[in-house]
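Trainee: I am new to this structure and would like to look closely at one part of it. Would you please take me through the strands that pair with one another, and then show how they relate to their surroundings?

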Amino acid sequence: MVAPPRRVRISTVSSARDPLFRRAFSLYAAIFPASERIGREYFKNLFEEKRLGLLAPFNFHFLVAHEGERVLGFISGTYLAIANLGFVGYLAVRPSVTGRHVGSRLRQRLVQLVRRDALAAGHPRLLGMMGEVEEGNPWLQTMRRRGALALDLDYLQPSTDGTAVVPLVLYLQPTSDRRVRFLSAPALRRVLYAVYRRLYRIRFPLKQPEFRRMLRQLEGRARVGARRLMSPAPLPAKARAARPKQVPKGVPRVD
Ligand SMILES: CC(C)(COP(=O)(O)OP(=O)(O)OC[C@H]1O[C@@H](n2cnc3c(N)ncnc32)[C@H](O)[C@@H]1OP(=O)(O)O)[C@@H](O)C(=O)NCCC(=O)NCCS
């Protein structure tokens, strides 16, 4: 196993003026395609809303892994109070240090913070962590073996620049020893609404055809459990180009 880089620190960023944020933002712009990126203004607003206590009982976190001033990676995430779940927004690690547990450490730290949010919101424990992932991503299979639920819903990630809506899988990773086997349809509806409204800042989710399509899938269902997954297979080059979550292949050099 490759040893993690030495002296890696994980710091919480709470201002867009923080130099760590500025460097993490350059990494973000280099790694994620335009259809998945949200402008600097988005983060600036979230930091300000958090500072003023306007997000409670929801919360937002932005963590940066760095060696001194050199940013190695970052993660952003939200506590979705409406369902007592954490939601991973963006996670990226500098290509030259991938595979050395930086991503995993960022994720673990995010979970710690979101657990605290759950306690502060009056819950005895956090229900789990959610996020969006490509159906064929091998990490999703690993997560399922560890007890995560890939939800049986054709999830559509809204495009952040109005170009491509991205079909992905929503996963739910339990954060306690209680395995989660389903979400109730009303809870999932609220999660989807919170993701569109609070994370992607879409003013009227119900006006988005992709959002309505997801709600239609919930009609008549009491709960949503696990979906059957395709086995992870390498996508043909054309499909890869059309699916922005498969970023590592086309990641521009940022080192
Ligand atoms: C995915 C990525 C963050 C992995 O970084 P890394 O430092 O090599 O990660 P590690 O060495 O810690 O190994 C895997 C860890 O990455 C994280 N990870 C991998 N794929 C992931 C995914 N699709 N979504 C969320 N987390 C993921 C997990 O935390 C995993 O550790 P865990 O299973 O113990 O929780 C990195 O390759 C990267 O920046 N890729 C491009 C951007 C990207 O695809 N981000 C994920 C979706 S937003």
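Mentor: A residue is called buried if 20 or more other C-beta atoms lie within 10 Å of its own. By that cut-off asparagine 84, which has 20 C-beta neighbours inside 10 Å, counts as buried. Please keep in mind throughout that this is a predicted model.

Asparagine 84 is a useful place to begin. Asparagine 84 sits in the loop that links strand 3 and strand 4. Its phi is near 55°, a positive value in a residue other than glycine. As a general matter, most residues other than glycine have a negative phi. The two strands on either side of this loop form a hairpin with four residues between them, and asparagine 84 is in its turn. Strand 3 and strand 4 are antiparallel and are paired over seven bridges. Within that pairing, isoleucine 75 stands opposite leucine 91 in strand 4.

From strand 3 one may step to the other neighbour. Strand 3 covers residues 70-80 and pairs with strand 2 over nine bridges, again in the antiparallel sense. Isoleucine 75 appears here too, since leucine 63 stands opposite isoleucine 75 in strand 3. Another such pair places asparagine 59 opposite tyrosine 79 of strand 3. Strand 2 and strand 3 also form a hairpin, this one with two residues between them, and glycine 68 in the turn has a positive phi of about 60°.

How are strand 2 and strand 3 placed, enclosed or open? In strand 3, ten of the eleven residues are buried, so strand 3 is largely enclosed by the rest of the structure. Strand 2, residues 59-67, has eight of its nine residues buried, so it too is largely enclosed by the rest of the structure.

Strand 2 has a further partner in strand 1. Strand 1, residues 9-12, runs antiparallel to strand 2, and four bridges join them. In this pairing, serine 11 has valine 64 of strand 2 as its bridge partner. On the approach to strand 2, the loop that follows helix 2 (40-51) contains proline 57. The peptide bond from alanine 56 to proline 57 is cis, with omega near 0°. In general, most peptide bonds are trans.

Valine 64 leads from the strands to the interior. The largest nonpolar core has 56 residues, and those touching the most other members are Ala24, Val64, Phe74, Leu85, Met130, Leu151 and Tyr171. Domain 1 (1-126) and domain 2 (128-234) both give residues to this core, so the core lies between them. In soluble globular proteins, nonpolar side chains tend to be buried together. Tyrosine 171 shows what such a member touches: leaving aside neighbours within four places in sequence, its contacts include Met130, Val133, Leu140, Met143 and Leu151.

The ligand brings strand 4 back into view. Which element gives the most to the shell around the ligand? That element is strand 4, with five residues. Strand 4 (85-93) is joined in the shell by helix 3 (102-120), strand 5 (128-133) and helix 4 (138-145), each of which supplies at least two residues. Of the 21 residues around the ligand, Val93, Thr98, Gly103, Ser104 and Arg107 come nearest. The shell has eleven nonpolar, eight polar and two charged residues. Domain 1 and domain 2 both contribute residues to this shell, so the ligand's shell lies between them.

Between strand 4 and helix 3 there is a loop, and histidine 101 has its place in it. Histidine 101 has a phi near 70°, which is a positive value in a residue other than glycine. Is histidine 101 buried or partly exposed? With 19 other C-beta atoms within 10 Å, histidine 101 is partly exposed.

To set these strands in context, the protein chain has seven helices and ten strands in its secondary structure. Of its 255 residues, 31% count as buried. Among contacts in the protein chain with a separation of 6 or more, 70% are between residues 24 or more positions apart.

Technical notes
Residues are numbered from 1 along each chain as its sequence is written. This is a predicted model: local features need pLDDT of at least 70, side-chain atom pairs count only at pLDDT 80 or more; totals for chains, interfaces and linings use all residues. A residue is near a molecule or strand if its C-beta atom, placed from the backbone, lies within 6 Å of it. Ala, Val, Leu, Ile, Met, Phe, Trp, Tyr, Cys and Pro count as nonpolar, Asp, Glu, Lys and Arg as charged, and the others, Gly among them, as polar. Domain bounds come from an automatic or database domain assignment. A residue is buried if 20 or more other C-beta atoms lie within 10 Å of its own, exposed if 12 or fewer, and partly exposed in between; C-beta atoms are placed from the backbone. Two strands pair if DSSP finds at least two bridges between them. A nonpolar core is a set of buried Ala, Val, Leu, Ile, Met, Phe, Trp, Tyr and Cys residues joined through C-beta atoms within 7 Å. Two residues are in contact if their C-beta atoms, placed from the backbone, lie within 7 Å.
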